[in-house]
Amino acid sequence: MWENGRGFPDIAVLEILSKELNVSIAELMNGERSTPETLKKQSDNALIETLLYVKQMSRRTVAVLLLIAGVCMFFSPLYTAGNATPIFVMGVFVNIGGIFMLTSKKSFKLFDLPKILLESISLGTLAAAIALELLPNGVVLLWATPPGVEPKPDMYSYFDPLPFGVAMFPPFITALMTVAVTVFTVIVMIVGKRSAKLRNALFVCIITTAAISACPVLYGLDRVTVTGVLITIMLAVSAVFRAAVNSKSRGI
């Protein structure tokens, strides 16, 4: 099969074959001896193929994450108390973006977008995170009950201090930090365009807020809510676009 070009030898015997024939595995697979020129060409081709593969997988990963977030937001009226229309509409657009990224064959370079648009998207996702944090079903608390009685979960918003008072610290801290980084973002957009330190500090603050927002999982999976997951995703997306702004500002 291998000799006829219709298959490959067992991977386990490649190293043995290369030693017996006194050739490299690359030469064995290519079917010819390598020269310095061909080695350089093969190395360059392998690097290019690896970079293209990583880029393609990163694109697909972002697209899948967008679709997951979009689906959760699309069905928000089913599990959200109050008016969920803004989140529903946002979910429609997020789904459209995810489908476009997943199906489009054209290369999409985030850094090619205008810097003002990147900053606006970063700010918009922070605003979306605050809107989600205001919903009354972001935090779940399970109160102690008598033996044999199942605990009934109570839901609270991220801005409600009650969960913080019973040692559920991450949601309230996340809400305060989200407001702070949103104000910080506006300040950087107005006065910090030439300050790399301010831009980098803002990025660190957003990443830290996103990490804290994911901490309820440490209390158990029963403390994780769909709203909480969406908040973490919004903060992570904001951090990605902030990183793009910072890189573009440095001329990368």
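**Long-range contacts, a salt bridge and a phenylalanine cluster**

Among contacts in the protein chain between residues at least 6 apart in sequence, 62% link residues that are at least 24 apart. The model behind this value is a predicted one. The protein chain has 252 residues, 32% of them buried. Its accessible surface amounts to about 15,400 Å², and carbon and sulfur atoms account for 70% of that surface.

The secondary structure of the protein chain consists of ten helices and two strands. Their order along the sequence is α-α-α-α-α-α-β-β-α-α-α-α, with the two strands following helix α6.

Helix α6 is a good place to take a closer look. This helix covers residues 115-133, 19 residues in total. Because each residue is expected to add 1.5 Å, the helix should span 27 Å, and the distance of 27 Å between its end C-alpha atoms agrees with that expectation. Many names come up when its buried residues are listed: Leu118, Glu119, Ser122, Thr125, Leu126, Ala128, Ala129, Ile130, Leu132 and Glu133.

One of these residues, Glu119, leads to the next feature. Side chains of opposite charge can pair when their charged atoms come close. A search of the whole structure turns up one salt bridge. In this salt bridge, the side chain of arginine 242 meets that of glutamate 119, with an N to O distance of 3.7 Å. The pair connects distant parts of the chain, since arginine 242 belongs to helix α10 (residues 226-249) and glutamate 119 to helix α6, 123 residues apart. Both arginine 242 and glutamate 119 are buried.

The aromatic residues add a further detail. A pair of aromatic rings is described by the distance of the centres and the angle of the planes. Two aromatic pairs are counted in the model. Phenylalanine 164 and phenylalanine 169 make an edge-to-face pair, with 5.0 Å from centre to centre and 70° between the planes. The pair formed by phenylalanine 164 and phenylalanine 172 is tilted, at 5.7 Å centre to centre and 55° between the planes. Through these ring pairs, Phe164, Phe169 and Phe172 are linked into a cluster.

Are the rings of the edge-to-face pair on residues that are buried or partly exposed? Phenylalanine 164 has a relative accessibility of 33% and therefore counts as partly exposed. Phenylalanine 169 is likewise partly exposed, because its relative accessible area is 38%. By contrast, the salt-bridge partners arginine 242 and glutamate 119 are buried.

Note on methods. Residues numbered from 1 in each chain as written. Predicted model: local features only at pLDDT ≥ 70, side-chain atom pairs only at ≥ 80, totals over all residues. Heavy atoms only, no water. Helix = DSSP H or I, 4+ residues; strand = E, 2+ residues; numbered from the N terminus. Buried < 20%, exposed > 50% of the residue type's maximum accessible area, 1.4 Å probe, protein only. Contact = heavy atoms within 4.5 Å. Areas by Shrake-Rupley, 256 points an atom, 1.4 Å probe, with all protein chains shown as cover. Expected span 1.5 Å × (residues − 1). Salt bridge = Lys/Arg side-chain N within 4 Å of Asp/Glu carboxyl O. Phe/Tyr/Trp six-rings, centres within 6.5 Å; stacked < 30°, edge-to-face > 60°.
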